[in-house]
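Student: Please take me through one helix of this model in close detail, and then through the spaces and charged pairs found elsewhere in the structure.

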Amino acid sequence: MTIALRRRLLAEFIGTALLVTAVVGSGIMAATLSPGDVGLQLLENSVATALALGALILVFGPVSGAHFNPVVSAADWFLGRRAGTGLTLRELGGYVIAQVLGAIGGSILANLMFDLSAVAWSSKDRAAGHLWLGEVVATTGLILLIFALARSGRAPVAPAAVGAYIGAAYWFTSSTSFANPAVTIGRAFTDTFAGIAPASVPGFVVAQLVGLAVGVGLLAALYPDAGQAADQVVVPAEERDPALDHRR
């Protein structure tokens, strides 16, 4: 990946911010339009999130790879470090910071769009073993999907595939599939349908890291050379930075 790091970090910041804006904003709208019907609210929230995620990957994928997720970036670094593909450790740190800050900004933006306080800590408790298990499953599946697509040369279908997986995982996991530490942190900043209480965030993040470890382990068993394709995650960034060429 040879696009200037500052451009990639900007893409990760904006993309993650807009993703969380879509998650939180659609949750607020769903609760407003369908009061008293939690099932319908979840349907509206999941459809909007899936469609927004696919669109955002298309927009920002050619710049940064459209990770929008620290566990995806961490897997990219870990799997690609021996092959010299994917992110470097310095780039990984930058991606994670940009993603977390973007997620917080996206939650604040959604709150403001719906005339709520910019920051309202969520009161929605999500601390329970079965929810943590749901996060392990959701994160493991996401890592497997993304890197299997890259390894098999099908990264161009990632926008549709990843959006579809997250939309489906809203329904087949007990946790409604956060599967993203940055998004989890961001959603603590809104006391709305999509929120998570700050005290519940650490348990979700730990579960997501466990899912990362399980996903990477399964990739090692199923696709031993998955690291060769780490620079194709999520969408390959093919543009070269002219400054780099001048230094050669």
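Tutor: In this predicted model, helix α3 is mostly covered, with 9 of its 11 residues buried. The buried residues are P70, V71, V72, S73, A74, A75, D76, L79 and G80. They pack against four other helices, namely α4, α5, α7 and α8. At the start of α3 there is a capping-style detail to look at in the structure: a side-chain oxygen of N69 comes to within 3.0 Å of the backbone nitrogen of V71.

Helix α3 also takes part in the largest pocket. Both α3, residues 70–80, and α8, residues 201–222, supply at least two residues each to the lining of that pocket. The largest contribution is from α8, with 3 residues. In total 14 residues line the pocket, and those nearest its centre are F78, L79, R82, P224 and G227. L79 is thus listed among the residues nearest the pocket centre and also among the buried residues of α3. The volume of the pocket is about 220 Å³. Sorted by class, its lining holds 9 nonpolar, 2 polar and 3 charged residues.

Next comes the enclosed space. Rolling a probe the size of a water molecule over the atoms shows where empty space is left. In this model the count is 1 cavity of 30 Å³ or more, and the largest cavity holds about 220 Å³ of space. Its lining has 22 residues, with L19, L53, I166, F178 and N180 nearest the centre. Two or more lining residues come from each of α1, α2 (38–64), α5, α6 (158–172) and α7 (181–187). The lining of the cavity consists of 16 nonpolar residues, 5 polar residues and 1 charged residue. Of the helices named here, α5 and α7 also appear among those that the buried residues of α3 pack against.

Now the charged pairs. Side chains of opposite charge can pair when their charged atoms come close. The model has 2 salt bridges by count. One of them joins the side chains of E91 and R8, at 2.9 Å from N to O. E91 belongs to helix α4 (residues 89–113) and R8 to helix α1 (residues 5–33), so this pair ties together parts that lie 83 residues apart in sequence. Both E91 and R8 are buried.

The side chains of D225 and R151 form another salt bridge, at 2.6 Å from N to O. D225 sits in the loop between α8 and α9 (242–246), while R151 is in helix α5 (residues 129–151), so the pair links parts 74 residues apart in sequence. D225 counts as partly exposed because its relative accessibility is 33%. R151 has a relative accessible area of 32%, so R151 is partly exposed too.

A last residue to examine is V38, which is placed in helix α2. V38 counts as exposed because its relative accessibility is 56%, and the cut-off for exposed is over 50%. Between the C-alpha atoms of V38 and Y95 the separation is 34 Å, with the two positions 57 residues apart along the chain.

How values were computed: Residues are numbered from 1 along each chain as its sequence is written. This is a predicted model: local features need pLDDT of at least 70, side-chain atom pairs count only at pLDDT 80 or more; totals for chains, interfaces and linings use all residues. Side-chain values use heavy atoms; hydrogens and water are left out. On a 1 Å grid over the protein atoms alone, a cavity is a set of points where a 1.4 Å probe fits but cannot get out, and a pocket is an open set with protein on both sides within 12 Å along at least five of seven lines; lining residues have an atom within 4 Å of a point. Grid points are joined across faces, edges and corners, and a volume is the space filled by probe spheres set on the points. Ala, Val, Leu, Ile, Met, Phe, Trp, Tyr, Cys and Pro count as nonpolar, Asp, Glu, Lys and Arg as charged, and the others, Gly among them, as polar. A salt bridge is a side-chain nitrogen of Lys or Arg within 4 Å of a carboxyl oxygen of Asp or Glu. Buried means under 20% relative accessible area, exposed over 50%, partly exposed in between (1.4 Å probe, protein chains only). Contact means heavy atoms within 4.5 Å. A polar contact is a pair of N or O atoms within 3.5 Å; within protein, one must be able to donate a hydrogen and the other to accept it, and residues adjacent in sequence count only if both atoms are side-chain atoms.
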